[in-house]
Amino acid sequence: MSPAPTTAVICLGGAPAPANDNRNTTLSISVKSKSDLQTAVPVSSTSSSLSSITIRVNATELTDLYDPLALASLVSSLAPGGAVRVEIIGGSGGGVDLAPVNDSFVLAGLGSESERRDGPDRILTARKKAQEPASNKSAPIKLNLGGGSSSAVKINLNDGDDDDDDDMVDEDDLLAEEGAGGVLAPPPAVDAAARAAAADDCGGRKACDDCTCGRAEQEAMERAAGGGAAVADENRPKQVPSSSCGNCSKGDAFRCAGCPYLGKPAFKPGEEHLVLDLADDL
């Protein structure tokens with residue numbers, strides 16, 4: 001019974017076989033087409049048993065016969081740590097594109113090892129990753145957290161108190177009353193009378209002697225209507241207060257705080273007595 005081959009030599013096209021070929025332990029294969037390279041080594045008989053695979057090709061036939069994708073199919077016949085050598089016959093003179101060979105090493109998962117010249121030839125070598133020894137594999141480590149005690153340490157991440165947020169501010173407390181510890185107190189009650197008095201430039205007292213806002217005329221009309229003779233004709237136009245500042249007709253933006261025309265549209269001087277009778281036409 002012949003011994004199982006330990007190396008394989010693949011000659012592409014017209015590449016010659018090596019002179020020191022040991023036919024007892026070397027599997028010599030001749031490939032004439034590019035498509036036959038990936039099936040050159042029979043996987044069933046050499047699965048992960050070859051220590052090296054050598055591919056020989058002429059420099060002039062490298063592009064036509066060498067398939068970068070085919071090397072990945074041959075690596076399954078290579079033992080862990082085995083080498084792949086691509087010998088380019090007549091490739092040391094230059095002008096040979098070595099990119100297909102280097103790409104095939106990467107696609108096959110091989111690590112490039114060396115590139116050297118051997119006379120007129122150029123040899124590129126890559127190696128398959130060796131399996132790690134069983135002793136180097138990391139074993140599971142048991143952690144003893146009990147300090148020598150056999151009882152397991154129990155870590156309770158949730159003791160049932162879902163509101164364990166002492167450092168957080170409850171937004172509901174911010175809206176509570178100030179006496180109850182709230183930060184934001186409710187707004188104070190609005191005193192309409194006090195607000196009206198504060199809006200009065202005269203501070204609630206009677207009109208000044210040199211009044212220019214029209215309040216003196218308004219008070220005179222109120223006194224005449226309240227304590228004097230009754231007005232006989234209700235349709236008689238009321239006495240129109242005169243403007244001492246001259247800004248009453250310009251609009252609210254120019255009027256004083258106590259101006260009797262506040263809230264009324266601007267008008268031309270002399271038309272204070274005009275009243276618009278606006279009614280719906282329908």
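How many salt bridges does a search of the whole structure find? I looked this up before anything else, and the search finds four. I counted a salt bridge where a side-chain nitrogen of Lys or Arg is within 4 Å of a carboxyl oxygen of Asp or Glu.

**Entry: ground rules**

I am working with a predicted model, where local features need pLDDT of at least 70 and side-chain atom pairs count only at pLDDT 80 or more, while totals for chains, interfaces and linings use all residues. I number residues from 1 along each chain as its sequence is written, and side-chain values use heavy atoms, with hydrogens and water left out.

**Entry: the overall layout**

I went through the secondary structure and noted seven helices and six strands. Helices (H or I, at least four residues) and strands (E, at least two) are DSSP runs, numbered from the N terminus. Reading along the sequence, I wrote down the pattern β-β-α-β-α-α-β-α-β-β-α-α-α.

Next I looked up burial. The chain has 282 residues, and 26% of them count as buried. For this, buried means under 20% relative accessible area, exposed means over 50%, and partly exposed lies in between (1.4 Å probe, protein chains only).

**Entry: Glu87 and Arg56**

I started the salt bridges with Glu87, which I found in strand β4, residues 78–89. Its partner is Arg56, and the two side chains meet in a salt bridge at 2.3 Å, N to O. Glu87 lies in strand β4 and Arg56 in strand β3 (residues 50–58), so this pair ties together parts that are 31 residues apart in sequence.

Are these two residues buried or exposed? Glu87 is buried, with a relative accessible area of 15%, and Arg56 is buried as well, at 10%. I also noted a polar contact between the side chains of Glu87 and Arg56, at 2.3 Å. A polar contact is a pair of N or O atoms within 3.5 Å; within protein, one must be able to donate a hydrogen and the other to accept it, and residues adjacent in sequence count only if both atoms are side-chain atoms.

**Entry: Arg127 and Glu113**

Another salt bridge joins Arg127 and Glu113, with the closest N and O atoms 2.7 Å apart. Arg127 lies in strand β6 (residues 121–127) and Glu113 in strand β5 (residues 111–118), so the pair ties together parts that are 14 residues apart in sequence. I checked how open they are: Arg127 is partly exposed at 34%, and Glu113 is partly exposed at 45%.

**Entry: Asp252 and Arg255**

I then turned to Asp252, which forms a salt bridge with Arg255, the closest N and O atoms being 2.7 Å apart. Here I wrote down a partly exposed Asp252, at 39% relative accessible area, and a buried Arg255, at 9%.

**Entry: a charged patch**

Which residues form a negative surface patch? I found Asp170, Glu171, Asp172 and Asp173. Patches are made of residues with over 30% relative accessible area and no salt bridge, with like charges joined within 9 Å and nonpolar side chains (Val, Leu, Ile, Met, Phe, Trp, Tyr) within 5 Å. Asp and Glu count as negative and Lys and Arg as positive, while His and the chain ends are not counted. I picked out Glu171 for a further look: this residue sits in helix α5, residues 171–174, and is exposed, with a relative accessible area of 54%.

**Entry: apart in sequence, then in space**

I closed with three C-alpha pairs.

- Gly258 is in the segment after α7 (215–227) and is partly exposed at 27%. From Gly258 to Cys213 I noted 45 residues in sequence and 6.8 Å in space, C-alpha to C-alpha.
- Thr39 is in the loop between β2 (26–31) and α1 (43–46), and I have it down as exposed, at 58%. Thr39 and Ala70 are 31 residues apart in sequence and 8.1 Å apart in space, C-alpha to C-alpha.
- Arg117 is in strand β5 and is exposed at 55%. Between the C-alpha atoms of Arg117 and Gly90 I noted 9.9 Å, for residues 27 apart along the chain.

Key
Areas by Shrake-Rupley, 256 points an atom, 1.4 Å probe, with all protein chains shown as cover. Charge placed at Lys NZ, Arg CZ, Asp CG, Glu CD.
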